[in-house]
Amino acid sequence: MRTLMRTAGVLALAGLLTAACSGGRTAPPSGPAEPTSVDLTGQIRLVSYPNCDEMLSGLRAATAEHVTPWGLDTMVPMFARESVAAGKQLPTALSDTGGQSYSTTNVHEAGVDEPDLVKTDGKRLMIVNRGVLRVIDTATRQVTGTLRLVPEEQSWAPADLLVSGDRALVLFEGGGILPFGATAKVRPGPTGPRYVLVDLSGAQPKVLGAMTVNGSHVDARQVGSTVRIVVRSQPEIVFPQQEPETPEPKLLQRNREAVLAAPIDAWLPTYEIESGGASRTERVSCDRVSHPAEFTGTSMLTIHTIDLNGDLNGGLAADAPISVAADGDTVYGTRSSLYVTSNPRWWFGGPAASGEARASGAAEPPERTEVHRFDVSGIGTPRYVASGSVPGRLLNQYSLSENAGNLRVATTSGAEVFGASPGRSESGVYVLNADTLTQKGEVTGLGRGERIYSVRFIGDLGYVVTFRQTDPLYTLDLRDPAAPKVTGELKITGFSAYLHPGGPGRLIGIGQEADKQGRAQGTQISLFDVADPARPRLLSRFHQRDSGSEVEWDPHAFLYWEPSRLAMLPLMNWTGDGPNGSAALVLRVGDDGIARAGLIEHPAAPKPQRTDFAPADQGIRRCVVIGDSVWTVSDLGLKVSAIDTLADQTWIPFT
């Protein structure tokens, strides 16, 4: 899912910059949105199937109602540009036994790690790119270990890392990834995302085991050495071959009959475990599958649990996974809770209804986001706690925040996507009881005619940015869960796609500047004074025309190093022909303003020597602070620079 969002972010950013050159956005709405009269907030109970026969009967019946003349009503996600805001804390500065401080991945919740392409423990830097895992010793600044994990022809496959001690889990999100050394022929068994466990303790990293699943990767979270991986799968049903000129009603009937004849194995998720040179294919058992009262049967969520430091005798998935007959595309985790939510999915033309409802012209269902909570406070398999729902759709995981026994959820309803009526959108924040996921309070009517571009919750305060032509930054008082309220509003041009604390009473916003017609003008970094929630103020801005940053859709690309009050982010420059060079932008953040400290640049990528497909150079992707140096990472290599002057110290090329 993160890979798709990266792609969506790049495309959306390109679209925004194209709009800046070609004419911009539609006219503002003529009036406020009409409030919905449908109550979409409430508790949902999950129920276990008593046996496989009842499970098969229920899944067949539900799926048959959501089949179309062309197959399953799987729908397509609405790819909004992923703009994100950090969670409750700054990136943590840690110290190893030598007392050297270093930065960690910018994550949503303290103590809950998230997959990223770079990890460090201060002594080593672990990087995965283009199918290769590299280990760099930070003292000698030398590559000490290299491990190719996929065949070179699959080096385009994006991957991320999670690390605990001397174990690294490499997460290949895409499907069809072959183990290094495998033949090009199709392997039997699952062909979806692949998760590889690597031992880092020796002179060279080595593979200990792997898991390949049927389905698509949603996300993963790590607490201690325990990793929870969320996967979404669809039933594998063979539909009759379509014949030309066949009427749609007949196609629909034939497909419905295929669903009603499908075996239980069509729905039960499968995964393959590789360990000790052997492999086995497992299937989630019926007694480990739950379902809500209403479900489509077209999607199954599975949570796999892997202990990175556990005994490998039982393979990677020593703890049996659990599944829910539900959809999901967003994961949010705390130390004790794992939330999986399902946004409404969209056909071109509106929210997806059943095949029969669309054929009959029935009214489209209102948008609703379902929320499922699992208890992950212990080791082993998660425990289901509760489910609920809220109106509208989430932007991303930063639209969720658990605090003092409550879950705050920010959503937009009626956004202008795929032909929806203009000017009818509005946003709101809903407060749910975290134990039951029933509603305690709400505040709605934010940004009418606009949609959410970023959200941040900090303790009892909330910040929501909406945008269409201007950028209202709303401040919210969430101290009373039964009566959350808006306390302030600041309108400026452009928008903030990511918000980060910049010291007491300060917020840093990264996004795009825009003119008064809403046309994007290039990267904008803003410093806000939010010491008085009733009067948020803009203190300072930095603007780089015709540029964009990965931070706008991936918060892992941002680093705020509080000891030096430096903000660092990758910056890609654009021309009418596309990307035109990148750098790491370093800004100094003061109490009353922000100023450019300098740029860090890598050597330009050489032109490909071959004419077939080769991965595109994405420029600098990450910035990491270790001791008195800044390490910048690109697909070409690592550069080490002095943190005080940004002077070049070492270049480590990737060969």
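**Entry 1: helix 2**

I started with what helix 2 leans on: its buried residues pack against strand 3 (67–68), strand 4 (71–72), helix 3 (248–261), strand 19 (289–292) and strand 20 (300–307). Note to self: this is a predicted model.

Which residues of helix 2 are buried? I listed M55, L56, L59, A62, T63 and A64.

Next I checked the helix's length. Helix 2 covers residues 52–64, so to speak 13 residues, and from first C-alpha to last it reaches 18 Å, close to the 18 Å expected at 1.5 Å a residue.

I also looked at how helix 2 begins. N51 caps its N-terminal end, with a side-chain oxygen 3.1 Å from the backbone nitrogen of D53.

**Entry 2: T412**

I picked one residue, T412, and found it in strand 29 (residues 406–413). Is T412 buried or exposed? Its relative accessibility is 5%, and buried means under 20%, so T412 counts as buried.

Then I followed its side chain. A polar contact of 2.7 Å links it to the side chain of S427, and the T412 side chain also reaches the backbone nitrogen of I452 at 3.1 Å.

I wrote down its contacts too, skipping neighbours within four places in sequence: E367, G392, R393, S425, E426, S427, E450, R451 and I452.

**Entry 3: the sheet around strand 29**

I zoomed out to the open sheet of 4 strands, which has the order 28-29-30-31 and antiparallel pairing. Why do strand 28 and strand 31 have one side without a neighbour in the sheet? Strand 28 (400–403) and strand 31 (439–446) stand at the edges, each with a single partner strand, so one side of each is left free of a sheet neighbour. The twist averages 15 degrees from one strand to the next.

I looked closer at one pair: strand 30 (residues 426–433) and strand 31 run antiparallel, joined by 5 bridges. L432 stands opposite Q439 in strand 31.

**Entry 4: strand 37 and its partners**

How many residues of strand 37 (residues 506–514) are buried? I got 9 of its 9, so to say mostly covered.

On one pairing, 6 bridges join strand 37 to strand 36 (residues 495–501), and the two run antiparallel. H500 has I508 in strand 37 as its bridge partner. These two strands form a hairpin with 4 residues between them, and G503 in the turn has a positive phi of about 115 degrees.

Strand 37 also pairs with strand 38 (residues 520–529), antiparallel again, through 9 bridges. There I spotted E513 opposite G522 in strand 38.

Technical notes. Residues are numbered from 1 along each chain as its sequence is written. This is a predicted model: local features need pLDDT of at least 70, side-chain atom pairs count only at pLDDT 80 or more; totals for chains, interfaces and linings use all residues. Side-chain values use heavy atoms; hydrogens and water are left out. The expected span of a helix is 1.5 Å times one less than its number of residues. Buried means under 20% relative accessible area, exposed over 50%, partly exposed in between (1.4 Å probe, protein chains only). Contact means heavy atoms within 4.5 Å. A polar contact is a pair of N or O atoms within 3.5 Å; within protein, one must be able to donate a hydrogen and the other to accept it, and residues adjacent in sequence count only if both atoms are side-chain atoms. Two strands pair if DSSP finds at least two bridges between them. Axes are lines fitted to C-alpha atoms, for helices over the stretch in contact, and angles run from 0 to 180 degrees between N-to-C directions.
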